[in-house]
Amino acid sequence: MNPKYLVLGFFGLAAVVFIGKQFIPAEQNPHSVQATSGEQGAPLANVNVPELSAVAETGQIAFEANCASCHGVNAAGQDGVAPPLVHKIYEPNHHGDASFLLAVKNGVRAHHWRFGNMPQIKSVEDEEVAQIVAYVRELQRANGIQ
C-alpha cells in the first residue's frame, strides 16, 4: 500500500475523531469539566499550594481580586459557578498562556464545561494576566499538571 494513502487516512481519521468529540454531549464527553459535588459554590478540585515565586505571588493577589469570585480560591473552581483552572484541560499544551489573555479580553463561549459563558474582564491589564498565568501555572505544576 502507498504510504501517502496511509498518512492521509490517518489524518482523516484523526480529523473525524476530533470533530466528533466537539459534538458529544458534555455529560458524555470525557474532556468536559462538570460540576460534581452538588453544593453550589463548593470547590471542584483539591489544590496543593506550593511556595510561590515572586511573580506568582503577585499573580495570586490579582487572581484573588479578579478571578476567585468565579474560579474559586486557588483556582479550584466552584460548583455551579466556574471550572477549576487547576485541571488537565487547562494544561499548557491544551490552553496556552495566550488563551488566558484572550479569555480575559474577549470572554469565552462555554465549550468544555456547563457553567455558561465567561464574560470579558475589562478591568484586568495584560501585565496582570501574565502574573495570573504564572500563578495558575505554578499551581498546576504543583498538582501534577504539566
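## A helical protein and its aromatic pairs

Phenylalanine 63 and tyrosine 135 are both buried. They are a good place to start in this predicted model, as the two residues face each other in an aromatic pair with a tilted arrangement, 5.5 Å from centre to centre and with 55° between the planes. Phenylalanine 63 belongs to helix H2 (residues 54-66) and tyrosine 135 to helix H5, so this pair links parts of the chain that are distant, 72 residues apart.

**The overall picture**

Stepping back, the protein has 5 helices and 0 strands, and its pattern along the sequence reads α-α-α-α-α. Of its 146 residues, 36% are buried. If you count contacts between residues at least 6 apart in sequence, 66% of them join residues at least 24 apart. The exposed surface comes to about 9000 Å², with carbon and sulfur atoms supplying 57% of that area.

**Helix H5 and its partners**

Tyrosine 135 sits in helix H5, which deserves a closer look. H5 has 17 residues and spans 24 Å from its first C-alpha to its last, close to the 24 Å expected at 1.5 Å a residue. Many residue names will come up if you follow the buried side of this helix: Val129, Gln131, Ile132, Val133, Ala134, Tyr135, Val136, Arg137, Glu138, Leu139 and Gln140 are buried. Note that the list includes Arg137 and Glu138 as well as Val133 and Leu139. Which helices do the buried residues of H5 pack against? They pack against H2 and H4. Just after H5 comes glycine 144, with a positive phi of about 80°.

**The second aromatic pair**

The structure holds 2 aromatic pairs. Besides phenylalanine 63 with tyrosine 135, there is a tilted pair of tyrosine 90 and tryptophan 113, 6.1 Å centre to centre and with 45° between the planes. Tyrosine 90 is in the loop between helix H3 (68-71) and H4, while tryptophan 113 is in the loop between H4 and H5, so the pair ties together parts that are 23 residues apart in sequence.

Both partners can be placed by their accessibility. Tyrosine 90 counts as buried because its relative accessible area is 6%, under the 20% cut-off. Tryptophan 113 is buried too, with a relative accessible area of 10%. Tryptophan 113 has other links worth tracing in the viewer. Its side chain reaches the backbone oxygen of glycine 116 at 3.3 Å. The C-alpha atom of tryptophan 113 is 7.1 Å from that of proline 83, although the two residues are 30 apart along the chain.

**Two cysteines without a bond**

How many disulfides does the structure hold? The count is 0. Cysteine 67 is in no disulfide, and its nearest cysteine sulfur, that of cysteine 70, lies 8.6 Å away. Cysteine 70 is likewise in no disulfide, with the sulfur of cysteine 67 as its nearest, at 8.6 Å. A disulfide needs the two sulfur atoms within 2.5 Å, so a separation of 8.6 Å does not qualify. The surroundings of each cysteine can be described as well: cysteine 67 is buried at 17% relative accessible area, whereas cysteine 70 is partly exposed at 39%.

**Loop residues with positive phi**

The loop between H3 and H4 holds asparagine 74 and also alanine 75. Neither residue is a glycine, yet asparagine 74 has a positive phi of about 55° and alanine 75 has one of about 60°. The table sets out their values.

| Residue | Phi | Relative accessible area |
|---|---|---|
| Asparagine 74 | about 55° | 19%, buried |
| Alanine 75 | about 60° | 0%, buried |

Why is asparagine 74 called buried? Its relative accessible area is 19%, and buried means under 20%. For alanine 75 the value is 0%, so this residue is buried as well.

**An exposed serine**

Serine 123 is placed in the loop between helix H4 (97-106) and helix H5 (126-142). Is serine 123 buried or exposed? Serine 123 counts as exposed, because its relative accessibility is 52% and the cut-off is over 50%. Leaving out residues up to four places away in sequence, serine 123 touches Asn66 and Glu128. The C-alpha atom of serine 123 is separated by 9.1 Å from that of valine 104, 19 residues apart along the chain.

Terms used: Residues numbered from 1 in each chain as written. Predicted model: local features only at pLDDT ≥ 70, side-chain atom pairs only at ≥ 80, totals over all residues. Heavy atoms only, no water. Helix = DSSP H or I, 4+ residues; strand = E, 2+ residues; numbered from the N terminus. Buried < 20%, exposed > 50% of the residue type's maximum accessible area, 1.4 Å probe, protein only. Contact = heavy atoms within 4.5 Å. Polar contact = N/O pair within 3.5 Å; in protein donor to acceptor, adjacent residues only side chain to side chain. Phe/Tyr/Trp six-rings, centres within 6.5 Å; stacked < 30°, edge-to-face > 60°. Expected span 1.5 Å × (residues − 1). Areas by Shrake-Rupley, 256 points an atom, 1.4 Å probe, with all protein chains shown as cover.
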